[in-house]
Amino acid sequence: MNSKKYFYITTTLPYVNAKPHIGFAIEIIRADAIARFQRKMGKAVFFNTGTDEHGVKIFQRAQEEGITPQQLTDRFSTEFRNLKETLNISYDAFIRTTDDSHQKAAQEFWNRCKNAGYIEKRTYTGLYCRGCEMFKTDRDLVDGVCQDHPATPLEQISEENYFFLFSKFSDTLLKLYEQNDFVIPEFRLKEIKNQIASGLEDFSISRVRSKMPWGIDVPGDPDQVMYVWFDALVNYISTLGWPDSDSFKNFWNHHDSTIVQICGKDNLRQQSAMWQAMLASVGLPFSSHILINGFITVNGQKMSKSLGNVIDPLEIVNEFGIDALRYFALRELSPTEDGDFDLERFKEAYNANLANGIGNLTNRILKMAEDNISKSDVTLEYQFDQSYLDAMNTFDYQGAANIAWEAISDLDKKIQETQPFKLIKTDPDAAKAILIDLVEELYLIAHMLEPFIPDASSKICTAIDEFKKPETPIFNRI
């Protein structure tokens, strides 16, 4: 896996009717760790994120505030764009679905899909969930409500819409799912297989303009606007300049490219089925891997404004630092199951593994090295263990982080067992040899940590290069 030259990774596009929450912060941190590692491995990387800015919820929120939808999306989009600095994210592109280039690409995609015979106009009556911005069938509901938005009443809508002929792609999708690592983890792959095997229904891809004007114009039909999901999914290629750019040819339409999409479990169907069918409809390659995250709970409860337990990632960063949040997201939370954000556990993990862990270890090693050996004594090269490479190349960032912290623990034990600070008095040569090993192993660990805690990794490398312990602690104990 991941032996290819070009590497493309994208988050979902968060819906901009509210400011960023901890769930999306964790998604983009995980995508960033993967992108940083792949760059470190010498790949040409394109890391995409952005904002989804059309649809009913945007339109209604703007009306409630007495502003235009564009003004609303401009405001919230800025907050998501600022995550680049807030969370130290290394994205290469930030796309907005209101960008002219995206809107033109979405219309071109529509035309190609329609010309291929996969779009037709029908009168439709069905149940619509404003929370999902999707029509729902009986099989999508539990006790008559949407599983993801049980408090949002379903609306009966009857109107003339355009439909994507999703039902024609069952066999295509099931064949795609024969790749055992197409959807990760495997139990999500089985979930989507079962959904597709039970039968597909065509889905609406437009809304009547008179009822919902905030969307991209349907080509050739001024009375209709594109359905938000159809429009938004096209961003994954429009951000690359599809259909004609070199970036698209290299990162998506190339035999030597890996295409990775990361999303929450509520996006399983959209990313691994709807979008793949849309790609097939216009003759484009499928994604390589769809990584499915669980949801984030808070102290065992689902985040909810009414419960007052919604976590603002900016507040966490302001109090504890960027790397503290990144560490917790990548090592302490499951990458595939639901994860609980407990502030007390967060603090305990911070003290144990950052302040008392890598931070204290760096100070101890470099203080001893500064006093007893010189920089010319050490060889600052590194080579990752195969176990670490295997974990990162299969998107097991939690497993890779565990390997890095096992190395930190082993290095700490080595100091305790060899006690070079005492040995230097009785056997200086043996003590210096140990100190050289300690510095070189710390240098390797610093590079292992770069995808996870890049600021701390940089500080450790700088301290080793200057050959003295950092003037201020890398992590202050809470």
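How many of the 19 residues of helix 1 are buried? The count is 16, so helix 1 is largely enclosed by the rest of the structure. The model described here is predicted.

## Helix 1

Helix 1 covers residues 22-40. Check its length with simple arithmetic. At 1.5 Å a residue, its 19 residues should span 27 Å. The end C-alpha atoms are 27 Å apart, so the expected span and the model agree.

What follows helix 1? Gly42 does, and its phi is positive, near 90°.

## Helix 7: two faces

Helix 7 runs over residues 186-197. Its 12 residues should span 16 Å at 1.5 Å a residue, and the end C-alpha atoms are indeed 16 Å apart. The buried residues here are Arg188, Leu189, Ile192 and Ile196. Now look down the axis. These buried residues fall within an arc of 105°, so they line one face of the helix. The spacing of a helix helps here. An α-helix has 3.6 residues a turn, so residues three or four places apart point the same way.

What covers the buried residues of helix 7? The cover includes helix 6 (170-176), strand 9 (183-184), helix 11 (268-281) and strand 15 (289-293). The face turned away from the buried side carries the exposed residues Asn194 and Ala197. Just after helix 7 comes Gly199, with a positive phi of about 115°.

## Two cis peptide bonds

Pro185 sits in the loop between strand 9 and helix 7. A cis peptide bond joins Ile184 to Pro185, with omega about 10°.

Another cis bond runs from Trp242 to Pro243, where omega is near 15°. Pro243 belongs to the loop between helix 9 (235-238) and helix 10 (246-251).

## Two asparagines with positive phi

Where is Asn88? This residue lies in the loop between helix 4 (83-86) and strand 3 (93-96). Its phi is near 55°, a positive value in a residue other than glycine. Asn88 has a relative accessible area of 24%, so it counts as partly exposed.

Asn299 is in the loop between strand 16 (296-298) and strand 17 (301-302). Phi of Asn299 is near 50°, again positive in a residue other than glycine. Is Asn299 buried or exposed? Its relative accessible area is 52%, so Asn299 is exposed. The cut-off for exposed is over 50%.

## Helices 12 and 13

Helix 12 (residues 313-320) packs against helix 13 (residues 322-332). Their axes are 6 Å apart and meet at an angle of about 120°. The two helices are therefore oblique to each other. Roughly perpendicular would need 65 to 115 degrees.

Which residues make the meeting? Helix 12 brings Pro313, Ile316, Val317 and Phe320. Helix 13 brings Ile322, Ala324 and Leu325.

## The largest nonpolar core

The largest nonpolar core holds 157 residues. Which of them touch the most other members? They are Phe109, Phe164, Phe230, Trp252, Trp275 and Ile358. Helix 18 gives the core its largest share, 12 residues.

Take Ile358 as an example. Neighbours within four places in sequence are left aside here. Ile358 is then in contact with Asn353, Ile408, Leu442, Ile445, Leu449, Ile460 and Phe475.

## Two residues of helix 18

Leu438 lies in helix 18. Its relative accessible area is 0%, so Leu438 is buried. Beyond its neighbours within four places in sequence, Leu438 is in contact with Ile365, Met368, Leu411, Lys414, Ile415 and Pro420. Gln103 is another matter. Leu438 and Gln103 are 335 residues apart in sequence and 55 Å apart in space, C-alpha to C-alpha.

His447 also lies in helix 18, which covers residues 428-449. Why does His447 count as buried? Its relative accessibility is 10%, and buried means under 20%. Leaving aside neighbours within four places in sequence, His447 is in contact with Lys40, Tyr382, Phe384, Tyr388, Ser457 and Cys461. How far apart are His447 and Cys461? They are 14 residues apart in sequence and 8.1 Å apart in space, C-alpha to C-alpha.

Conventions
Residues numbered from 1 in each chain as written. Predicted model: local features only at pLDDT ≥ 70, side-chain atom pairs only at ≥ 80, totals over all residues. Heavy atoms only, no water. Helix = DSSP H or I, 4+ residues; strand = E, 2+ residues; numbered from the N terminus. Buried < 20%, exposed > 50% of the residue type's maximum accessible area, 1.4 Å probe, protein only. Contact = heavy atoms within 4.5 Å. Core = buried A, V, L, I, M, F, W, Y, C linked by side-chain atoms within 4.5 Å. Expected span 1.5 Å × (residues − 1). Arc of directions from axis to C-beta. Axes fitted to C-alpha atoms, helices over the stretch in contact; angles between N-to-C directions. Parallel < 35°, antiparallel > 145°, perpendicular 65-115°, else oblique.
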